[in-house]
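Thank you all for coming; I would like to walk you through one structure this morning, beginning with its aromatic pairs and moving on from there to helix packing and to some individual residues.

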Amino acid sequence: MASRQQKPHLVVVLAYDGLCTFEFACAVEVFALRRPELGVAWYDFAVCNVDGGPLRAAGGVTMQVPPSRGLLARADTIVVPGWRGIDSPVPPALQRQLRAAQARGARLCSICSGVFVLAAAGLLNGLSATTHWRYAQALAERYPAIAVKPDALYIDEGQIVTAAGSAAGLDMLLHLVRRDHGGRVANLVAQRLVIA
(Lines give C-alpha, C1' and ligand atoms only; values in the text may rest on other atoms or scores of the structure.)
Protein backbone atom coordinates (compact mmCIF):
# COMPACT_ATOMS: atom_id res chain seq x y z
CA MET A 1 0.00 0.00 0.00
CA ALA A 2 1.41 3.42 -1.00
CA SER A 3 1.96 5.98 1.71
CA ARG A 4 0.03 9.25 1.62
CA GLN A 5 3.17 11.10 0.57
CA GLN A 6 3.46 8.91 -2.51
CA LYS A 7 -0.09 9.39 -3.76
CA PRO A 8 -0.19 10.65 -7.34
CA HIS A 9 -0.84 14.33 -7.94
CA LEU A 10 -4.54 14.66 -8.80
CA VAL A 11 -5.40 17.08 -11.61
CA VAL A 12 -9.09 17.91 -11.92
CA VAL A 13 -10.42 19.82 -14.93
CA LEU A 14 -13.82 21.49 -14.79
CA ALA A 15 -16.52 20.57 -17.30
CA TYR A 16 -19.73 22.54 -17.63
CA ASP A 17 -22.61 23.15 -20.00
CA GLY A 18 -21.24 25.22 -22.87
CA LEU A 19 -17.77 23.72 -22.42
CA CYS A 20 -14.88 25.11 -24.48
CA THR A 21 -13.69 21.86 -26.01
CA PHE A 22 -10.20 22.91 -27.12
CA GLU A 23 -9.09 24.18 -23.70
CA PHE A 24 -10.63 21.12 -22.05
CA ALA A 25 -8.88 18.80 -24.50
CA CYS A 26 -5.51 20.48 -23.85
CA ALA A 27 -5.74 19.52 -20.17
CA VAL A 28 -6.80 15.98 -21.12
CA GLU A 29 -3.89 15.63 -23.56
CA VAL A 30 -1.26 16.83 -21.11
CA PHE A 31 -2.43 15.22 -17.87
CA ALA A 32 -4.74 12.28 -18.65
CA LEU A 33 -2.57 10.23 -21.00
CA ARG A 34 -0.41 7.59 -19.36
CA ARG A 35 3.28 8.30 -19.98
CA PRO A 36 5.27 5.33 -18.59
CA GLU A 37 8.22 6.13 -20.88
CA LEU A 38 8.97 9.26 -18.81
CA GLY A 39 9.99 7.28 -15.73
CA VAL A 40 8.14 9.57 -13.28
CA ALA A 41 4.96 9.17 -11.24
CA TRP A 42 2.48 10.72 -13.66
CA TYR A 43 -0.70 12.51 -12.66
CA ASP A 44 -4.06 11.09 -11.72
CA PHE A 45 -6.73 12.85 -13.76
CA ALA A 46 -10.43 13.45 -13.24
CA VAL A 47 -13.22 15.63 -14.62
CA CYS A 48 -15.53 17.61 -12.35
CA ASN A 49 -19.05 18.10 -13.70
CA VAL A 50 -19.98 21.62 -12.57
CA ASP A 51 -23.61 21.47 -13.74
CA GLY A 52 -24.55 17.80 -13.39
CA GLY A 53 -26.20 15.74 -16.09
CA PRO A 54 -25.16 15.61 -19.75
CA LEU A 55 -23.10 18.60 -20.89
CA ARG A 56 -23.33 20.33 -24.26
CA ALA A 57 -19.91 21.42 -25.48
CA ALA A 58 -18.76 23.70 -28.28
CA GLY A 59 -18.98 22.10 -31.70
CA GLY A 60 -22.17 20.16 -31.03
CA VAL A 61 -20.55 17.61 -28.73
CA THR A 62 -22.50 16.17 -25.79
CA MET A 63 -20.53 14.73 -22.86
CA GLN A 64 -21.53 12.35 -20.11
CA VAL A 65 -19.44 13.05 -17.03
CA PRO A 66 -19.89 10.85 -13.95
CA PRO A 67 -20.89 12.44 -10.64
CA SER A 68 -18.07 14.54 -9.25
CA ARG A 69 -18.74 14.67 -5.52
CA GLY A 70 -15.67 15.51 -3.49
CA LEU A 71 -13.28 15.81 -6.44
CA LEU A 72 -12.43 19.47 -5.90
CA ALA A 73 -11.83 18.79 -2.21
CA ARG A 74 -9.15 16.22 -3.14
CA ALA A 75 -7.58 17.93 -6.16
CA ASP A 76 -3.94 18.98 -6.06
CA THR A 77 -4.38 21.03 -9.26
CA ILE A 78 -7.64 22.40 -10.66
CA VAL A 79 -7.81 23.56 -14.28
CA VAL A 80 -10.59 25.91 -15.38
CA PRO A 81 -10.88 25.83 -19.18
CA GLY A 82 -12.38 28.85 -20.97
CA TRP A 83 -15.66 29.68 -19.24
CA ARG A 84 -18.99 29.47 -21.09
CA GLY A 85 -19.09 33.26 -21.39
CA ILE A 86 -17.60 36.20 -19.54
CA ASP A 87 -21.12 37.37 -18.68
CA SER A 88 -22.24 33.94 -17.49
CA PRO A 89 -22.47 33.82 -13.69
CA VAL A 90 -20.22 31.46 -11.78
CA PRO A 91 -22.25 29.21 -9.46
CA PRO A 92 -21.76 30.24 -5.81
CA ALA A 93 -21.13 26.60 -4.81
CA LEU A 94 -18.26 26.40 -7.30
CA GLN A 95 -16.81 29.65 -5.99
CA ARG A 96 -16.89 28.26 -2.43
CA GLN A 97 -15.24 25.01 -3.53
CA LEU A 98 -12.45 26.89 -5.32
CA ARG A 99 -11.82 29.13 -2.31
CA ALA A 100 -11.67 26.06 -0.07
CA ALA A 101 -9.24 24.37 -2.48
CA GLN A 102 -7.03 27.44 -2.50
CA ALA A 103 -7.13 27.65 1.30
CA ARG A 104 -5.89 24.06 1.64
CA GLY A 105 -3.05 24.64 -0.83
CA ALA A 106 -4.36 23.35 -4.17
CA ARG A 107 -2.94 24.89 -7.34
CA LEU A 108 -5.59 26.72 -9.42
CA CYS A 109 -5.16 27.37 -13.13
CA SER A 110 -7.25 29.02 -15.81
CA ILE A 111 -7.14 29.08 -19.58
CA CYS A 112 -8.57 32.00 -21.59
CA SER A 113 -11.92 33.17 -20.15
CA GLY A 114 -11.61 30.64 -17.33
CA VAL A 115 -9.88 33.48 -15.47
CA PHE A 116 -13.35 34.98 -14.86
CA VAL A 117 -14.20 31.97 -12.69
CA LEU A 118 -11.15 32.54 -10.48
CA ALA A 119 -11.84 36.28 -10.41
CA ALA A 120 -15.49 35.77 -9.41
CA ALA A 121 -14.31 33.63 -6.49
CA GLY A 122 -12.01 36.47 -5.36
CA LEU A 123 -8.90 34.36 -5.81
CA LEU A 124 -6.99 36.83 -8.01
CA ASN A 125 -7.30 39.95 -5.87
CA GLY A 126 -3.88 41.56 -5.44
CA LEU A 127 -2.30 39.28 -8.06
CA SER A 128 -1.30 39.59 -11.69
CA ALA A 129 -3.30 37.57 -14.21
CA THR A 130 -3.79 37.22 -17.93
CA THR A 131 -6.55 36.21 -20.29
CA HIS A 132 -7.29 36.35 -24.00
CA TRP A 133 -6.55 39.86 -25.30
CA ARG A 134 -10.19 40.43 -26.25
CA TYR A 135 -11.29 39.85 -22.62
CA ALA A 136 -8.48 41.76 -20.90
CA GLN A 137 -10.24 45.13 -20.71
CA ALA A 138 -13.45 43.58 -19.34
CA LEU A 139 -11.46 41.68 -16.71
CA ALA A 140 -9.62 44.84 -15.63
CA GLU A 141 -12.84 46.87 -15.46
CA ARG A 142 -14.84 44.28 -13.53
CA TYR A 143 -12.05 43.30 -11.15
CA PRO A 144 -9.84 46.35 -10.48
CA ALA A 145 -7.98 44.49 -7.69
CA ILE A 146 -6.34 42.30 -10.37
CA ALA A 147 -3.26 43.51 -12.26
CA VAL A 148 -4.27 42.38 -15.75
CA LYS A 149 -1.34 41.68 -18.10
CA PRO A 150 -2.87 41.25 -21.59
CA ASP A 151 0.47 40.63 -23.34
CA ALA A 152 1.57 37.61 -21.28
CA LEU A 153 1.14 34.04 -22.54
CA TYR A 154 0.75 32.89 -18.95
CA ILE A 155 1.42 34.25 -15.48
CA ASP A 156 2.61 32.07 -12.62
CA GLU A 157 1.75 33.53 -9.22
CA GLY A 158 2.79 30.36 -7.42
CA GLN A 159 -0.45 28.78 -6.32
CA ILE A 160 -2.47 30.44 -9.10
CA VAL A 161 -1.51 30.31 -12.78
CA THR A 162 -3.45 31.97 -15.60
CA ALA A 163 -3.04 31.59 -19.36
CA ALA A 164 -4.09 33.88 -22.20
CA GLY A 165 -5.84 32.38 -25.24
CA SER A 166 -6.51 28.75 -26.01
CA ALA A 167 -3.11 27.76 -27.41
CA ALA A 168 -1.34 29.65 -24.61
CA GLY A 169 -3.03 27.13 -22.33
CA LEU A 170 -0.71 24.46 -23.71
CA ASP A 171 2.29 26.63 -22.83
CA MET A 172 0.96 27.03 -19.30
CA LEU A 173 0.21 23.32 -18.89
CA LEU A 174 3.73 22.40 -20.02
CA HIS A 175 5.05 24.98 -17.57
CA LEU A 176 3.19 23.12 -14.81
CA VAL A 177 4.77 19.84 -15.92
CA ARG A 178 8.17 21.58 -15.85
CA ARG A 179 7.50 22.84 -12.31
CA ASP A 180 6.46 19.37 -11.15
CA HIS A 181 8.90 17.13 -13.05
CA GLY A 182 11.66 19.30 -14.50
CA GLY A 183 12.70 20.45 -17.94
CA ARG A 184 13.62 17.04 -19.36
CA VAL A 185 10.15 15.62 -18.76
CA ALA A 186 8.41 18.79 -19.99
CA ASN A 187 10.48 18.70 -23.18
CA LEU A 188 9.59 15.06 -23.79
CA VAL A 189 5.89 15.83 -23.35
CA ALA A 190 6.23 18.79 -25.76
CA GLN A 191 8.01 16.53 -28.24
CA ARG A 192 5.16 14.01 -28.06
CA LEU A 193 2.68 16.86 -28.59
CA VAL A 194 4.85 18.17 -31.45
CA ILE A 195 5.01 21.70 -30.04
CA ALA A 196 7.90 23.96 -29.08
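Let me fix one term before anything else: a residue is called buried when its relative accessible area is under 20%, exposed when it is over 50%, and partly exposed in between, with a 1.4 Å probe and protein chains only. What you see is a predicted model, in which local features need pLDDT of at least 70 and side-chain atom pairs count only at pLDDT 80 or more, while totals for chains, interfaces and linings use all residues. Residues are numbered from 1 along each chain as its sequence is written, and side-chain values use heavy atoms, with hydrogens and water left out.

On the aromatic side, rings of Phe, Tyr and Trp (for Trp, the six-membered ring) pair if their centres lie within 6.5 Å, and planes under 30 degrees apart count as stacked, those over 60 as edge-to-face and the rest as tilted. Searching the whole structure on that basis gives four aromatic pairs. One of them is the tilted pair of Tyr16 and Trp83, at 4.8 Å centre to centre and with 50° between the planes. Because Tyr16 sits in the loop between β1 (10-15) and α1 (21-32) and Trp83 in the loop between β5 (77-80) and α3 (92-103), this pair ties together parts that are 67 residues apart in sequence; the helices (H or I, at least four residues) and strands (E, at least two) that I name are DSSP runs, numbered from the N terminus. Tyr16 is buried, at a relative accessible area of 0%, and Trp83 is buried as well, at 3%.

Phe116 and Tyr135 form an edge-to-face pair, with 6.3 Å from centre to centre and 90° between the planes. Since Phe116 belongs to helix α4 (residues 115-120) and Tyr135 to helix α5 (residues 133-142), the pair ties together parts that are 19 residues apart in sequence. Are these two residues, Phe116 and Tyr135, buried or exposed? Both Phe116 and Tyr135 are buried. Within α5, Tyr135 is joined by Ala136, Ala138 and Leu139 as buried residues, and what covers the buried residues of α5 includes α4 and β8 (147-148), where contact means heavy atoms within 4.5 Å.

Ring pairs also link Phe31, Trp42 and Tyr43 into a cluster, and Phe31 brings us to helix packing, as it is among the residues of α1 that make the contact with α6. The axes of α1 and helix α6 (residues 166-181) are 9 Å apart, at an angle of about 25°; such axes are lines fitted to C-alpha atoms, for helices over the stretch in contact, and angles run from 0 to 180 degrees between N-to-C directions. The two helices, α1 and α6, are therefore roughly parallel, given that angles under 35 degrees count as roughly parallel, over 145 as roughly antiparallel, 65 to 115 as roughly perpendicular and the rest as oblique.

Finally, two residues that are not glycines deserve a look at their backbone. Cys112, in the loop between β6 (107-111) and α4, has a positive phi of about 55°, and at 7% relative accessibility Cys112 counts as buried. Val194, in the segment after α7 (183-193), has a positive phi of about 60°, but at 72% relative accessibility Val194 counts as exposed.
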